Amino acid sequence: MSSLPSPLPRPPGELEELERVWKVPTGIRRLTAVNNTYIGIYYIGTALLFLVLAGVLALIMRTQLAVPENDLVSFKTYNQLFTMHGSVMMFLFAIPVIEAIAVFLLPAMLAARDLPFPRLSAFAFWAYASGGLIFFGTLFFGVAPDGGWFMYPPLTSHEFSPGLNADFWLLGIGFIEISAIAGAIELVVGTLRTRPPGMSLDKMPIYAWVMLVVGAMIVFGFPPVIAGTLLLELERAFHWPFFVAERGGDPVLWQHLFWLFGHPEVYIIFLPAAGLVSMMIPTLARTPLVGYRWIVLAVLSTAVLSFGLWAHHMFATGMPHVSSAFFSAASMAVAIPTGIQVFAWIATLWRGKLQLTAAAWFILGFFFIFVLGGLTGVMVAVIPFDWQAHDTYFVVAHLHYVLIGGMVFPLCAALYYWAPIASGKPLSERMGRWAFWLMFVGFNLAFFPMHISGLLGMPRRVYTYREGLGWEPWNLASTLGAYVLAAGFALIAIDLIKNLRIAGKVKTNPWRAGTLEWLPLDDYATRSIPLVESRDPLWDRPELSEEVERGQHFLPGTATGQRETIVTSPIEARPQYLMVLPGPSWYPMLAGVGLALFFFVLTVKLVVPAVLLAAFTLAMIFRWVWSTDRSGDLSPVAVGGGITLPVSINGPISHAWWAVFVLILVDGTIFACLVFSYFFLWTTNPQSAWPPADVELPRLAWDWIAAAMWIASSLFIAWAARAVSAKRIRVLGRFGVSLTIACGLAAAAMLTSSFALFKTGMRPSDHAYGAIVYTILVYQAFHVVVLITMAVYTLLRTYKGLLSQANRVSFDSTRLLWHYMVVQGLLAIAIASGAPRLLS
Amino acid sequence: MNSHTNRSFTRTTFYISAGLLIWVATFLATYVLAAVACARGILLSTVFGMGLVPLMILAATVIAMGLTARVLYIAIARYRRSALPVDAGRTSAIERSQQMDRFIHFLAAAVAGLSLAAIVLNGTAAIAYDSCRATGAPDQHRPQ
């Protein structure tokens, strides 16, 4: 790598070929674009649209509450308004926008040509956009969810919410979860494996550290809500009584599952914003970041500790004191790493000299508002205080201070700071400052009085209140503040509409920043991928920008005639291989839209259209994966700096392997949540009722047979793996036969376990015990169906001669997931048969 | 942890996050123990005048503190042994590798230190408030 920069001139036609390969389609075919810059802009724009829509709902609510005993909206409409406001803000704005910014910005910060799975990002976006719009549209038909954004049973159970409202939330959130998980896979694999050569972990931008950690948080934080929504929908649709106390269930189980997701979620929302602040402050203060290592520590610690706080949302549920106490302690402990970040920022500002741009004003606003919100957070972490403040407007004030202060203000700063990367020129500084002051004053006028109205006893979610309670002036002030805040947002919207465009080629660095996203950019990202030797490469080597633009670093063209980027080792960022990336395609878009429509149609119980849409979606996914899974041997290529790299790779080094591993972590966490549900319900039922006295357990002989078949299927998959090393892989040869036998064994194991359970006479709707055991089995059956489908796909590739020792990613992915499925199957048997025998 | 070698991603990740993983394990053990003991009314007797559940939590906390302190000690020692970088600009591959070493050891030590504080906070709270009593509920399962 010491032979960089490469000598000039570059070969003729090199740049033109690079431009051709990365060209974005025009016209209607622009919808097929998978470049991260385009998907990122679409994603950010859609998220901001949902911010505006949910904001309008808030204005309606505030208008209703401006005066006592108002009748602008009925209580039924009001219930839908606050539910949709919270759900849209949290699920359709906050989470998507932080992922969207990462999709847009992260590859540029890492000088990668794109994220590792561009079509996956496109699929995730289209699923989110179409599903989100359908979800929001339920408001216009009066069937929007109305049980609060956290949808507690028993209110949201079938008995008390018989309409479709709750189902729209449960199934509607499904596609958000899929989008978020897809995004997390991109973030983790992209941050660890597509950094530029030389960008070891200690030189990685703070924002990249944050997104790596946030990706991991999504991997472990979203599964509880996936499990919870599955259980609640099963209860509503089929009356499986997970949350029905009379039949062994417990509504508190939902709260545990929801908040196991819900608390990490707020840090998933806050940490990326903090990461953006960590990038902007050094540039705007004209000095390197103080305490880089301490901030990395803070981010890691916040992420892990945030998983131990969830029950501080449940202090009023009657938990034992001992449990409440350590959740309270953990809630205070998490303030330590947050404080470290704040002090690092203050130290950086102290050392430098802050340029008061619009972005800087929003950052200062963030400090003020977020710190206030953090302080009230410590207040509600004190249990006796929380018992008074729970479900009052005090909590509403707190959450808006931390979320708007902690995320929206940094987001606005980020828009003003990074807009030049998209459009080549900054937004209007004047409009930005006006917007800031309107938002800052409006926000504090809207939400500070809520602390007082809350302490005066005003509960959340009331659609009106009596005159004479002393709440009137605070509510009126909040309403006025809300409109001032909205005016601020409107100014930003006008600024974006007037000034933000996607420019093809961008060569600008208006803030004279030091990080790689400010290199000259085009549809192909940077002309060449730089060798990185420090945390602020553009400050330390001002000539780097020109060198990269002249193609004097790695991969100045396209080595294979296709879209590519370099994959590097996760710690030292040593080049390992060249990753070929897929180009534009209709299939991810059609699959995403199909999936969203499938969820919607399933919600309204139109079974035949749902089946057709499911088949359509699967067909689109099949076509997408088939065309992405490349065949043919690709010889090693030179990438510059005297380095030759293999094109594509198999085994544990490959990015596909890493993606499947992350997926297994998600899968395993969902399963762990189902197991948690089993044991939680065990603790809330009398000893004699778990299982219920009249329930027979599956016979052990069947369990042993099923277990043996699971293990045997794994062995046949291992045997098939050895057969892949052969020169010729045939469907009717050792490979194909092993794979087919493995499928048969898995199906047989599943049928055996199901038969054994069914024969006991226990039915899932009788008691929560049966419900959870059947759910675990159904979850396993889902895996069997998916894995057999993947095996059939692999056999089809083999039949077509597309599977070889060099191109075996479809089989390797199937193999990894298969072994996971077998482990899960054995655990499922242990839960269904072993646990009740042990616990009794 | 050697310089100039390909560091194992798995080992490095576990090393850096060791303190937090110990906190997770202790937290889970405390949570499960308290939940099961209070729900089932078991392990509520006393030993040496202290409830069995808080005693077990105390033991888990002490073990966790010991393990975390050990990680902290090892990481600090390794950090001190790592040579300081010659300069912060363009450096040789060896110097960059040494910078990386110091970074990893620093993180491991800092994470362990912060985790120690979290373990102490959690453990103290669980031991100090050892009651199974819930809000407004009669104290049926109060440890003796």
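**Entry 1: salt bridges**

I began with charged pairs, and a search of the whole structure gave me 17 salt bridges over all chains. A reminder to myself: this is a predicted model, so every value here is computed from it.

The pair I looked up in chain A is Glu14(A) with Arg527(A), whose side chains meet in a salt bridge at 2.6 Å, N to O. Glu14(A) sits in helix H1 (residues 14-22) of chain A, while Arg527(A) sits in the loop between helix H16 (472-499) and helix H17 (537-540), so this pair ties together parts that are 513 residues apart in sequence.

**Entry 2: where chain B meets chain A**

Next I turned to the interface. How many residues does each chain bring to the contact? I noted 43 from chain B and 49 from chain A. The size of an interface is often given as the accessible area lost when the parts come together, and that was my next lookup. Chain B and chain A bury about 4100 Å² between them, and 72% of this is on carbon and sulfur atoms.

I then asked about charges across the interface, where the rule finds two salt bridges. One that I looked up joins Arg96(B) to Glu533(A), with the closest N and O atoms 3.7 Å apart. For polar contacts between chain B and chain A, I wrote down six residue pairs, both residues being at pLDDT 80 or more.

Which elements of chain B give two or more residues to the side that touches chain A? They are helix H1 (9-16), helix H2 (18-40), helix H3 (52-81) and helix H4 (93-128) of chain B. The largest share of that side comes from H4(B), with 14 residues. Sorted by class, the side of chain B that touches chain A has 27 nonpolar, ten polar and six charged residues.

**Entry 3: cavities**

I searched the whole structure for enclosed space and got eleven cavities of 30 Å³ or more. The largest cavity holds about 190 Å³ of space. It is lined by 19 residues, and the closest to its centre are Thr37(A), Phe104(A), Ile421(A), Leu521(A) and Asp522(A).

I also checked which helices make up this lining. Helix H2 (36-65), helix H3 (75-109) and helix H14 (393-423) of chain A each supply at least two residues, and H2(A) gives the most, with four residues. By class, I have 13 nonpolar, three polar and three charged residues in the lining of the largest cavity.

**Entry 4: backbone oddities**

Most residues other than glycine have a negative phi, and most peptide bonds are trans. With that in mind, I went looking for exceptions.

Where are the cis bonds that I noted? One runs from Pro153(A) to Pro154(A), with omega near 5°. Pro154(A) has its place in the loop between helix H4 (118-137) and helix H5 (165-193) of chain A. Another cis peptide bond joins Trp690(A) and Pro691(A), with omega about 0°. I found Pro691(A) in the loop between helix H21 (655-684) and helix H22 (700-723) of chain A.

My last lookup was Glu69(A), which is not a glycine yet has a positive phi of about 50°. Glu69(A) lies in the loop between H2 and H3 of chain A; H2(A) is also the helix I noted above for giving the most to the lining of the largest cavity.

Terms used. Residues numbered from 1 in each chain as written. Chains lettered and ligands numbered in written order. Predicted model: local features only at pLDDT ≥ 70, side-chain atom pairs only at ≥ 80, totals over all residues. Heavy atoms only, no water. Contact = heavy atoms within 4.5 Å. Buried area = accessible area lost by both parts, 1.4 Å probe. Salt bridge = Lys/Arg side-chain N within 4 Å of Asp/Glu carboxyl O. Polar contact = N/O pair within 3.5 Å; in protein donor to acceptor, adjacent residues only side chain to side chain. Nonpolar A, V, L, I, M, F, W, Y, C, P; charged D, E, K, R; others polar. 1 Å grid on protein atoms, 1.4 Å probe; cavity = no way out; pocket = protein on both sides within 12 Å on 5 of 7 lines; lining within 4 Å. Points joined across faces, edges and corners; volume = space filled by probe spheres on them.
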